[in-house]
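Colleague: I'm new to this one, so could you show me the structure and then walk me through it?

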Amino acid sequence: QVDVVESGGGLVQPGGSLRLSCAAFGSVFGTYVITWHRQAAGQQRDLVATITSGGATNYADSVKGRFTISRDNAQNTVYLQMNSLKPEDTAAYYCNVRLIFPRNGDYWGQGTQVTVSS
């Protein structure tokens, strides 16, 4: 079992920055993928950024050059640094931990709200 807790959301003006945190409580080791997703009101949940256990990262086109995903293995925490925020970045942001090997499992957090508005 892995408990996933997101934090760091809030209200920010356009052009501002926020850093989201995704803390994973439990056994996260081996091969895994951790992703950030977001869901705006009335919209589907979309993938924003990915980081693998090997350290590879990937981003949605809409956030490339503005968002950075990183991790602190000692703290079992993944971060999403969001810069140059736009109103269209407003959404609930969710972290997902997917264990692949030797254990498998799929765990979501409860989400953290990001609102970009003047």
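Modeller: A good place to begin, keeping in mind that this is a predicted model, is the disulfide that joins cysteine 22 to cysteine 95, with the two sulfur atoms 2.0 Å apart.

Colleague: How many disulfides does the count come to?

Modeller: The count comes to one disulfide. Cysteine 22 lies in strand S3 and cysteine 95 lies in strand S9, which covers residues 91–101, so the link ties together parts of the chain that are 73 residues apart in sequence.

Colleague: And are cysteine 22 and cysteine 95 buried or exposed?

Modeller: Cysteine 22 and cysteine 95 are both buried. As for the geometry of their link, the angle about the S-S bond is -70°, and the link is left-handed.

Colleague: You mentioned S3. Which strands does S3 pair with?

Modeller: Strand S3, made of residues 18–26, pairs with strand S1, residues 2–7, in the antiparallel sense over six bridges. S3 also pairs in the antiparallel sense with strand S8, residues 77–82, and that pairing too runs over six bridges.

Colleague: Which residue in S8 is the bridge partner of cysteine 22?

Modeller: That is valine 78, so to speak the S8 counterpart of cysteine 22. On the pairing with S1, aspartate 3 has phenylalanine 25 of S3 as its bridge partner.

Colleague: Changing topic, how many salt bridges are there?

Modeller: The count comes to three salt bridges, and Arg38, Arg66 and Asp89 are linked in a network of them. Within that network, arginine 38 forms a salt bridge with aspartate 89, where the closest N and O atoms are 2.8 Å apart. The pair links distant parts of the chain, with arginine 38 in strand S4 and aspartate 89 in the loop between S8 and S9, 51 residues apart.

Colleague: What about arginine 66 and aspartate 89?

Modeller: Those two form a salt bridge as well, with their closest N and O atoms 2.7 Å apart. Here again distant parts of the chain are linked, since arginine 66 sits in the loop between strand S6 (57–59) and strand S7 (67–72), while aspartate 89 is in the loop between S8 and S9, 23 residues apart.

Colleague: Why does aspartate 89 count as buried?

Modeller: Aspartate 89 has a relative accessibility of 0%, and buried means under 20%, so aspartate 89 falls in that class. Arginine 66 is buried too, with a relative accessible area of 10%, and arginine 38 is buried with 13%.

Colleague: What else does the side chain of arginine 38 make polar contacts with?

Modeller: Arginine 38, which is found in strand S4 (residues 31–39), makes a side-chain polar contact of 2.9 Å with the side chain of tyrosine 93, and another polar contact, of 3.4 Å, joins its side chain to that of serine 62. Leaving aside residues up to four places away in sequence, arginine 38 touches a list of residues including Gln44, Asp46, Val48, Phe67 and Glu88.

Colleague: And aspartate 61, which residue does its side chain meet in a salt bridge?

Modeller: The side chain of aspartate 61 meets that of lysine 64, at 3.2 Å from N to O. Aspartate 61 is exposed, with a relative accessible area of 64%, whereas lysine 64 counts as partly exposed at 48% relative accessibility.

Colleague: And arginine 38 with aspartate 89, buried or exposed?

Modeller: Both arginine 38 and aspartate 89 are buried.

Methods:
Residues are numbered from 1 along each chain as its sequence is written. This is a predicted model: local features need pLDDT of at least 70, side-chain atom pairs count only at pLDDT 80 or more; totals for chains, interfaces and linings use all residues. Side-chain values use heavy atoms; hydrogens and water are left out. Two strands pair if DSSP finds at least two bridges between them. Helices (H or I, at least four residues) and strands (E, at least two) are DSSP runs, numbered from the N terminus. A disulfide is a pair of cysteine sulfur atoms within 2.5 Å. Buried means under 20% relative accessible area, exposed over 50%, partly exposed in between (1.4 Å probe, protein chains only). A polar contact is a pair of N or O atoms within 3.5 Å; within protein, one must be able to donate a hydrogen and the other to accept it, and residues adjacent in sequence count only if both atoms are side-chain atoms. Contact means heavy atoms within 4.5 Å. A salt bridge is a side-chain nitrogen of Lys or Arg within 4 Å of a carboxyl oxygen of Asp or Glu.
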